Every structure is written in C-alpha cells, then in structure tokens.
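This briefing sets out the main structural features of one protein chain for use at the bench. Please read it alongside the sequence and the model shown here.

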Amino acid sequence: MRNEKDNRGIIVRAEHELQVVSPHQSREEEEREIEHRRGRGGRFNGIEETFCTARLKHNINDPERADFFNPRAGRLTTVNNLNLPILRSVQLSVERGVLYPNALMSPHWNMNAHSIIYITRGNGRIQIVGDNGQTIFDGEVREGQVVTAPQSFAVVKKAGNQGFEWVSFKTNDNAQVNQLAGRVSTIRGLPVEVVANSFQISREDARRLKNNREEVSVFSPSQSGRSDEIA
C-alpha cells in the first residue's frame, strides 16, 4: 500500500481487489452478547474471560518476543492489553528494555501515560525534558533505582559500559510512544521547511536532523557520537 514515489518498501501489495476474511458471530453468540449487555445495564466491555480463567502471566524477558531488535544495540518488548488483556482491568502496560554497552534508546515521549522506570541491571544515563525545554532530570542511574517520566516529557536513555536494562510501568493499558529520532520518528515525517522554522536552524541542518538515523527504537553506539553526550 504505497504510491509510485514511495521508497519505504512494500508492506502489502494487492494485485487485485483486496478482501479480508473475518469470522462472524453465530446466532447463539449474538444472543449471549445481548443478554450480557442487558445484565450490565447496556454496558459491554467485550471481555468474556473471568478473572478466574484469564491469563495472568506473560514472559516479557523472552528475547523471541521482542518488538524491536537491533543486533548491535539491544531490544525492546512491550506488554499491553493486546497481548495480555487482563491489563485493561488495571489500566497498566509494561515495557522491557535491554541496551548493550554504550547503546542508545531513541528519544521519545509517552502520548497518553506516565512512566515509572525501574532499572533491573547495569548502569546508564537518563535525560527527561519538558515541552518548554526545561530539564527535570539528567543523571546517572544504576540497578535498583527508580525514575518517573511524566506524560508528554521527552526521554532518552543511554547505556553505560555495563549495559543497561529496565522495566517501565505505564499508566495506560495501551500506552502510545512517539519517537523523536530514527527511521519512524515524528520529525522524519515533517517537511524540511517545518523542521527548520520550528528549531530555527538552516535547511541543511534540518535535513540532517530528519535523516540522522536509519535505526528504529534502539540505536547502536557506533552512531551515537561522544560517549558523554546523548542529547
């Protein structure tokens, strides 16, 4: 699904009319849903599982379940209401990050959730900046420490020489993240003129800012520049 001048690669290419097969509810299922709605006074949340039979565990530490993996940088895994539906009931989602020594996680912000970051192994540096440019945290962190990142605040993490691992608990069962660097970043999608005017920089600098990375989410240390500078 792309236009002729789109060079991002093909996700789905349909030679003819695209049709999607989806299951339909049986009459018995429809009647059960209607009865369920009546029993709840018209409210229906779509969850048929009970707390007694719902799946309560998910192995977020399994590398094969990673959402993003960079063999030179690390991996990132997310658990939300899509792969663990019980999280809807507690309005939480979880992120598990593993960075190799001196690797970097893309600068990003949480659109709809606060984030409580617990460092599980290694050491690193975290910077948190508000939308007005004010830095609220910029320091070294290590195993056993906790850092809170408010919603809509920009966050960047850089691993130390020991590597860096963490678990983040987010206050939304489907927390959304926007990235500020890399191949799928918000800035990459903006016109050069908009970036130049927004940051008061030249068009050439704006072009470099847009295209500074081709990686996604986790960045290799070979492109991260000086070891003492992450943002």
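**Structural briefing**

Y118 is partly exposed, because its relative accessible area is 36%. The model described here is predicted. The residue belongs to strand β5, and the points below begin with the chain as a whole before returning to that strand.

**Overall architecture**

- The chain contains four helices and 10 strands.
- In sequence order, these elements follow the pattern α-β-β-α-β-β-β-β-β-β-β-α-α-β.
- The chain has 231 residues, of which 35% count as buried.
- Its accessible surface amounts to about 15,100 Å², and carbon and sulfur atoms account for 49% of that area.
- Of the contacts between residues at least 6 apart in sequence, 68% join residues at least 24 apart.

**Strand β5 and its surroundings**

- Strand β5 spans residues 115–129 and includes Q127.
- Q127 has a relative accessibility of 9% and therefore counts as buried, the cut-off being under 20%.
- The side chain of Q127 makes a polar contact of 3.5 Å with the side chain of D138.
- Y118, also in β5, is part of a nonpolar surface patch together with I116, V146 and F169.
- Together, the four residues of this patch expose about 350 Å² of accessible area.

**Salt bridge between two strands**

- The structure holds 12 salt bridges, and one of them pairs R121 with E165.
- The closest N and O atoms of R121 and E165 are 4.0 Å apart.
- R121 is in strand β5 and E165 in strand β8 (residues 154–170), so this pair ties together parts that are 44 residues apart in sequence.
- The two partners differ in accessibility: R121 counts as exposed at 53% relative accessibility, whereas E165 is buried at 15%.
- As a general point, side chains of opposite charge can pair when their charged atoms come close.

**Salt-bridge network in helix α4**

- Helix α4 covers residues 203–210 and contains both E204 and R207, which are three residues apart, about one turn of the helix.
- E204 and R207 form a salt bridge, with 3.2 Å between the closest N and O atoms.
- E204 also meets R208 in a salt bridge, at 3.7 Å from N to O.
- R208 and E204 are four residues apart within helix α4, again about one turn of the helix.
- Salt bridges with shared partners join E204, D205, R207 and R208 into one network.
- Three members of the network count as partly exposed: E204 at 42% relative accessibility, R207 at 33% and R208 at 47%.

**Nonpolar cores**

- In soluble globular proteins, nonpolar side chains tend to be buried together.
- The largest nonpolar core of this chain has 17 residues, and those that touch the most other members are L99, I126, I128, V141, F164 and W166.
- Strands β5, β7 (146–149) and β8 each supply at least two residues of this core.
- Another core lies apart from the largest one and has eight residues, including A54, V79, L84 and V167.
- Leaving aside residues up to four places away in sequence, L99 touches A73, L104, M105, K157, A159, G163, F164, W166 and V218.

**Loop residues with positive phi**

- N102 has a positive phi of about 70 degrees, although it is not a glycine.
- N102 is located in the loop between β3 (93–99) and β4 (104–110).
- The relative accessible area of N102 is 26%, so this residue is partly exposed.
- S217 likewise has a positive phi of about 70 degrees without being a glycine.
- The loop that holds S217 runs between α4 and β10 (218–219).
- S217 is buried, because its relative accessible area is 3%.

**Points to locate in the model**

- Which strand holds both Q127 and Y118? Q127 lies in strand β5, and Y118 lies in strand β5 as well.
- Which residue forms a salt bridge with R121? The partner is E165.
- Is S217 buried or exposed? S217 is buried, with a relative accessible area of 3%.

Notes
Residues numbered from 1 in each chain as written. Predicted model: local features only at pLDDT ≥ 70, side-chain atom pairs only at ≥ 80, totals over all residues. Heavy atoms only, no water. Buried < 20%, exposed > 50% of the residue type's maximum accessible area, 1.4 Å probe, protein only. Polar contact = N/O pair within 3.5 Å; in protein donor to acceptor, adjacent residues only side chain to side chain. Patch = residues over 30% accessible without salt bridge, like charges linked within 9 Å, V, L, I, M, F, W, Y side chains within 5 Å. Areas by Shrake-Rupley, 256 points an atom, 1.4 Å probe, with all protein chains shown as cover. Salt bridge = Lys/Arg side-chain N within 4 Å of Asp/Glu carboxyl O. Contact = heavy atoms within 4.5 Å. Core = buried A, V, L, I, M, F, W, Y, C linked by side-chain atoms within 4.5 Å.
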